[in-house]
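Thanks, everyone. Please have the sequence and the model open while I talk.

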Amino acid sequence: MSEDSDPAPSALCASQQVRSVIGKLRRRIRSAAGTGDFTLTQASTVGRLLDSEVGLTTSDLAVAEGMRHQSMATTIATLAAQGLVERSRDPEDGRRVLIGLTPEGRRRGEEGRRARGEWLAAELQAKCTEEERRTVIAAMAVLERIVQE
């Protein structure tokens with residue numbers, strides 16, 4: 001499809017359905033995992049920090065979450081007040097401040113991630129056939145290809 005042409009009706013329908021289902025799925029996973037004390041942004045920030053070995057700057061996190069630096073700074077301040085994140089100087093550039101998880105932040109992040117994964121696996125097991133689960137795996141490969149930059 002060229003960039004100048006309108007999307008096919010099937011592309012528009014698929015777009016709407018994917019966005020709708022992903023939004024519902026995110027809400028269900030979040031509520032099932034008992035992360036009610038985290039906002040969605042806080043949970044996502046903790047997840048990003050779990051995946052970072054050296055920590056991330058406030059700017060890195062803001063860009064990754066698609067939000068303003070000031071909004072991310074507020075999120076980080078809230079997490080720091082809860083004892084879940086800490087700030088440290090970047091060993092390679094002392095002017096930069098890196099945000100990392102405290103041991104308690106890592107424990108809670110990993111616990112939440114594990115609970116979310118277990119909930120979804122249990123739902124897929126209980127509500128889907130083996131063939132349907134294979135279809136989900138194939139669909140995820142397609143979506144992964146779409147989000148590759």
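I will go through the salt bridges, then the strands, then the pocket and the cavity.

One caution before the details. This is a predicted model.

Salt bridges to begin. How many does a search of the whole structure find? The count is 10. Let me take a few of them.

Start with R48 and E65. Their side chains meet in a salt bridge, 2.5 Å from N to O. Where do the two residues sit? R48 is in helix 2, residues 40-50. E65 is in helix 3, residues 58-65. The partners are 17 residues apart in sequence, so this pair ties together separate parts of the chain. Now exposure. R48 has a relative accessible area of 33%, which makes it partly exposed. E65 comes in at 22%, also partly exposed. The cut-off for buried is under 20%, so E65, at 22%, does not count as buried.

Next, R96 and D90. They form a salt bridge too, with the closest N and O atoms 3.0 Å apart. Are these partners buried or exposed? R96 is partly exposed, at 36% relative accessible area. D90 is buried, at 11%. So here a buried acid pairs with a partly exposed arginine.

Third, K127 and E123. Their salt bridge spans 2.8 Å, N to O. Both residues belong to helix 5, residues 103-127. They are 4 residues apart, so about one helical turn separates them. K127 is exposed, with 59% relative accessibility. E123 is partly exposed, at 21%.

There is also a network. Salt bridges link E104, R107 and E111. As background, side chains of opposite charge can pair when their charged atoms come close.

On to the strands. Strand 1 covers residues 85-89 and runs antiparallel to strand 2, with 5 bridges joining them. To place one bridge: E86 has G100 in strand 2 as its partner. Strand 2 itself covers residues 97-101. Of its 5 residues, 4 are buried, so the rest of the structure largely encloses strand 2.

Now the largest pocket. Its space is about 1,300 Å³. It is lined by 34 residues, and the closest to its centre are I22, L25, R26, I29 and L120. Which elements give two or more residues to this lining? They are helix 1 (9-32), helix 2, helix 5 and helix 6 (130-147). Helix 1 contributes the largest share, 10 residues. By class, the pocket lining has 17 nonpolar, 6 polar and 11 charged residues.

Last, the cavity. The structure holds 1 cavity of 30 Å³ or more. The largest cavity encloses about 60 Å³ of space. Its lining has 10 residues, and those nearest the centre are F38, A43, V46, G109 and R116. Helix 2 and helix 5 each give at least two residues to that lining. The classes here are 4 nonpolar, 4 polar and 2 charged.

To recap on the helices. Helix 2 and helix 5 give residues to the lining of the largest pocket. The two helices also supply residues to the lining of the largest cavity. Helix 2 carries R48, whose partner E65 lies in helix 3. Helix 5 holds the K127 and E123 pair.

That is my tour. Over to you for discussion.

Definitions and conventions: Residues numbered from 1 in each chain as written. Predicted model: local features only at pLDDT ≥ 70, side-chain atom pairs only at ≥ 80, totals over all residues. Heavy atoms only, no water. Salt bridge = Lys/Arg side-chain N within 4 Å of Asp/Glu carboxyl O. Buried < 20%, exposed > 50% of the residue type's maximum accessible area, 1.4 Å probe, protein only. 1 Å grid on protein atoms, 1.4 Å probe; cavity = no way out; pocket = protein on both sides within 12 Å on 5 of 7 lines; lining within 4 Å. Points joined across faces, edges and corners; volume = space filled by probe spheres on them. Nonpolar A, V, L, I, M, F, W, Y, C, P; charged D, E, K, R; others polar. Pairing = 2+ DSSP bridges.
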